[in-house]
Amino acid sequence: MTPAQIAGLVSAGLGTIGTFILFRASYALQSLAGGVFGSNQLSKYNEEIKAKNASRIRCQRIGLGFLFGSFFIQAVAVFL
């Protein structure tokens, strides 16, 4: 295999992984419940939502990182 073909395969693999991660984390962020003066139970629920949203954002960033890595490797493969 030539270096360009190897880079193409690596790029395809990273792109597939990144797309799958983005698919799994592509749900819209949940909105917080209640108004300004919520109960303690509502505040606890909002903290859980914030944690879930942070996890989704982290997964989205990881997925985009894999996709950008895929594009970068493909761009390098053009010059090999």
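This note goes through the helices, their packing, the surface and the salt bridge of a predicted model.

1. Helix α1 covers residues 3–24, and its 22 residues reach 32 Å from the first C-alpha to the last, close to the 32 Å expected at 1.5 Å a residue. Its buried residues are Ala 7, Ser 11, Gly 15, Gly 18 and Ile 21. They cover an arc of only 130° around the axis, and therefore lie on the same side of α1. Leu 9, Thr 16, Phe 20, Phe 23 and Arg 24, by contrast, are exposed on the other side of the helix.

2. Helix α2 covers residues 40–78; with 39 residues, α2 reaches 57 Å between its first and last C-alpha atoms, which is close to the 57 Å expected at 1.5 Å a residue. The residues of α2 that are buried are Asn 46, Ile 49, Asn 53, Gly 63, Leu 67, Ser 70 and Ala 77.

3. The two helices can be read together through their buried residues. Those of α2 pack against α1, and, seen from the other helix, the cover over the buried residues of α1 includes α2.

4. Ser 70, in helix α2, gives a local view of this packing. Its relative accessible area is 6%, and because the limit for a buried residue is under 20%, Ser 70 counts as buried. Leaving aside residues up to four places away in sequence, Ser 70 touches Ser 11, Leu 14 and Gly 15; of these contact partners, Ser 11 and Gly 15 are themselves among the buried residues of α1.

5. Two pairs of C-alpha atoms show how parts of the chain that are separated in sequence are placed in space. Gly 8, which belongs to helix α1, and Ala 77 are 69 residues apart in sequence, while their C-alpha atoms are 6.8 Å apart. Gly 8 has a relative accessibility of 24% and so counts as partly exposed, whereas Ala 77 is listed with the buried residues of α2. For Leu 22, also in helix α1, the C-alpha atom is separated by 9.4 Å from that of Leu 67, which is 45 residues away along the chain.

6. The contacts of Leu 22 extend the picture given by that second pair. With residues up to four places away in sequence not counted, Leu 22 touches Gln 60, Gly 63, Leu 64 and Leu 67, and of these partners Gly 63 and Leu 67 appear among the buried residues of α2.

7. On the surface, Met 1, Ile 6, Leu 9 and Val 10 make a nonpolar patch of about 420 Å². Leu 9, one of the patch residues, lies in helix α1 and has a relative accessible area of 53%; because exposed means over 50%, Leu 9 falls in the exposed class.

8. A search of the whole structure finds one salt bridge, which Glu 47 forms with Lys 50, the closest N and O atoms being 3.7 Å apart. Because these residues are three apart in helix α2, about one helical turn separates Glu 47 from Lys 50. Both partners are partly exposed, Glu 47 with a relative accessible area of 48% and Lys 50 with one of 43%.

Conventions
Residues are numbered from 1 along each chain as its sequence is written. This is a predicted model: local features need pLDDT of at least 70, side-chain atom pairs count only at pLDDT 80 or more; totals for chains, interfaces and linings use all residues. Side-chain values use heavy atoms; hydrogens and water are left out. Helices (H or I, at least four residues) and strands (E, at least two) are DSSP runs, numbered from the N terminus. Buried means under 20% relative accessible area, exposed over 50%, partly exposed in between (1.4 Å probe, protein chains only). Contact means heavy atoms within 4.5 Å. Patches are made of residues with over 30% relative accessible area and no salt bridge: like charges are joined within 9 Å, nonpolar side chains (Val, Leu, Ile, Met, Phe, Trp, Tyr) within 5 Å. Accessible areas come from the Shrake-Rupley method with a 1.4 Å probe; for residues, only the protein chains shown count as cover. A salt bridge is a side-chain nitrogen of Lys or Arg within 4 Å of a carboxyl oxygen of Asp or Glu. The expected span of a helix is 1.5 Å times one less than its number of residues. The arc is that of the directions from the helix axis to the C-beta atoms.
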